[in-house]
Amino acid sequence: AIPLVVAINTSLAARNGMLVRDRIAMEEARNLDAIIFDKTGTLTEGEHGVVDMATVDGVAEEDALALAAAVESDSEHMIARAIREAATERDLTAPDASDFEAIKGRGVRATVDVSGFAGGPSDGSDSGNEVYVGGPNLLTQLDSEVPDHLQRFADEAGQNAQTVVYLVRGGELIAAFAMADVIREESFRVVDALHDLGIEVAMLTGDSRDVATAVADDLGIDTVFAEVLPEDKDEKVRELQDQGKLVGMVGDGVNDAPALTRADVGIAIGSGTDVAVQSADVILVQNNPMDVVRLVKLSKASYRKMQ
Ligand code: ADP
Ligand code: MG
């Protein structure tokens with residue numbers, strides 16, 4: 001009789017916008033001790049707009065924005081879109097760029113035609129056309145020093161839950177951009193509802209610790225993993241599992257795939273990438289984090305019927 005009950009609930013799940021790829025995981029959802037959410041685009045809207053910027057002496061804001069837009073011209077990332085939009089809004093034309101490279105979880109790099117731009121490396125070398133845009137993980141990789149006033153700018157932005165990305169030209173950090181993202185209305189109810197079910201709520205992000213903490217404090221999230229590189233995300237799932245917890249993971253990006261696989265219940269949400277979808281046990285068709293709560297409740301209800 002059990003397979004029948006599970007089958008019924010699988011179609012019930014489907015009617016609720018949940019596609020079950022692994023029935024065992026669907027059953028296990030009732031026993032979850034902790035659920036980890038990807039931050040950007042899951043708990044937040046993920047629609048970054050550039051709200052503020054700062055540059056080093058001798059670099060005009062317009063120039064910094066145009067350079068950043070050039071480096072970002074080949075990227076699909078929401079941060080890239082926001083930077084290109086900000087440049088367009090100011091009627092700036094991005095210079096030509098080539099050799100685009102996406103550095104996973106860190107940022108982007110390109111070779112930019114900087115002939116119309118002032119400044120550049122003091123040694124006069126042509127490394128000035130190598131330009132990067134990225135977050136704290138990029139700065140770590142490049143071993144870049146943040147000038148004091150840009151650090152203060154970044155600290156203040158971070159406290160306001162704004163994501164900061166940096167512009168690095170010829171090895172020198174020359175500008176910082178603050179981007180606003182907003183917490184989704186539903187996320188507050190999701191955290192409360194999961195707490196009511198006795199489930200620990202965690203958040204996982206490649207974004208800075210400041211931003212992560214600000215968002216987590218607002219939402220009442222229990223555990224925060226910030227500045228995590230894509231290849232380390234599954235380690236964070238394992239960290240909670242090693243505490244003896246049954247762990248669910250909710251994510252949408254290519255970056256989240258290993259973590260979804262590692263989790264006891266991997267949940268892909270919304271218009272997730274194919275890779276995320278293929279790594280998940282359950283797919284939530286609508287991009288509504290409240291469906292995670294419905295999933296746990298449905299699993300619990302199915303279990304009671306089976307007893
Ligand atoms: P998340 O972990 O929040 O889903 P990602 O793994 O996509 O985010 O990116 C992590 C961090 O890497 C971003 O917060 C940003 O600092 C940096 N980053 C990634 N892609 C870009 C890009 N195209 N431009 C600038 N920064 C980027
Ligand atoms: Mg993501």
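## Sheet, packed helices and domains

In this predicted model, the hairpin of strand 7 and strand 8 has two residues between the strands, and glycine 170 takes a positive phi near 55° there. The two strands of that hairpin pair in the antiparallel sense over seven bridges. One residue pair is threonine 163, which stands opposite methionine 179 in strand 8.

The hairpin belongs to an open sheet of six strands, ordered 3-8-7-6-5-4, with antiparallel pairing. Strand 3 (49-55) and strand 4 (97-103) are the edge strands, each pairing on one side only. From one strand to the next, the twist averages 20°.

Bridge counts and one facing residue pair are listed below for three strand pairs of the sheet.

| Strand pair | Bridges | Facing residues |
|---|---|---|
| Strand 5 and strand 6 | five bridges | arginine 109 and tyrosine 132 |
| Strand 6 and strand 7 | four bridges | glycine 134 and tyrosine 166 |
| Strand 7 and strand 8 | seven bridges | threonine 163 and methionine 179 |

Strand 5 covers residues 107-112 and strand 6 covers residues 130-134; these two run antiparallel. Strand 6 also pairs with strand 7 in the antiparallel sense.

How many residues of strand 7 are buried? Seven of the seven are, so strand 7 is largely enclosed by the rest of the structure. Burial applies to both faces: Thr163, Val165, Leu167 and Arg169 are buried on one side, and Val164, Tyr166 and Val168 are buried on the other. Tyr166 is also the residue opposite glycine 134, while Thr163 is the one opposite methionine 179.

Two helices lie against the strands. Helix 4 (residues 61-71) lies across strand 3, strand 4, strand 5, strand 6, strand 7 (163-169) and strand 8 (172-180). Helix 4 runs at about 100° to strand 5. Helix 7 (residues 148-159) packs on the sheet and touches strand 3, strand 7 and strand 8. The direction of helix 7 makes about 15° with that of strand 8.

At the level of the whole chain, the domain assignment gives domain 1 as 9-45 + 183-306 and domain 2 as 49-180. The C-alpha centres of domain 1 and domain 2 are 32 Å apart. Contact between them involves eleven residues of domain 1 and twelve residues of domain 2. On the side of domain 1 that touches domain 2, five residues are nonpolar, three are polar and three are charged.

Terms used: Residues numbered from 1 in each chain as written. Chains lettered and ligands numbered in written order. Predicted model: local features only at pLDDT ≥ 70, side-chain atom pairs only at ≥ 80, totals over all residues. Pairing = 2+ DSSP bridges. Axes fitted to C-alpha atoms, helices over the stretch in contact; angles between N-to-C directions. Contact = placed C-beta atoms within 7 Å. Buried ≥ 20, exposed ≤ 12 C-beta atoms within 10 Å, placed from the backbone. Domains from an automatic or database assignment. Nonpolar A, V, L, I, M, F, W, Y, C, P; charged D, E, K, R; others polar.
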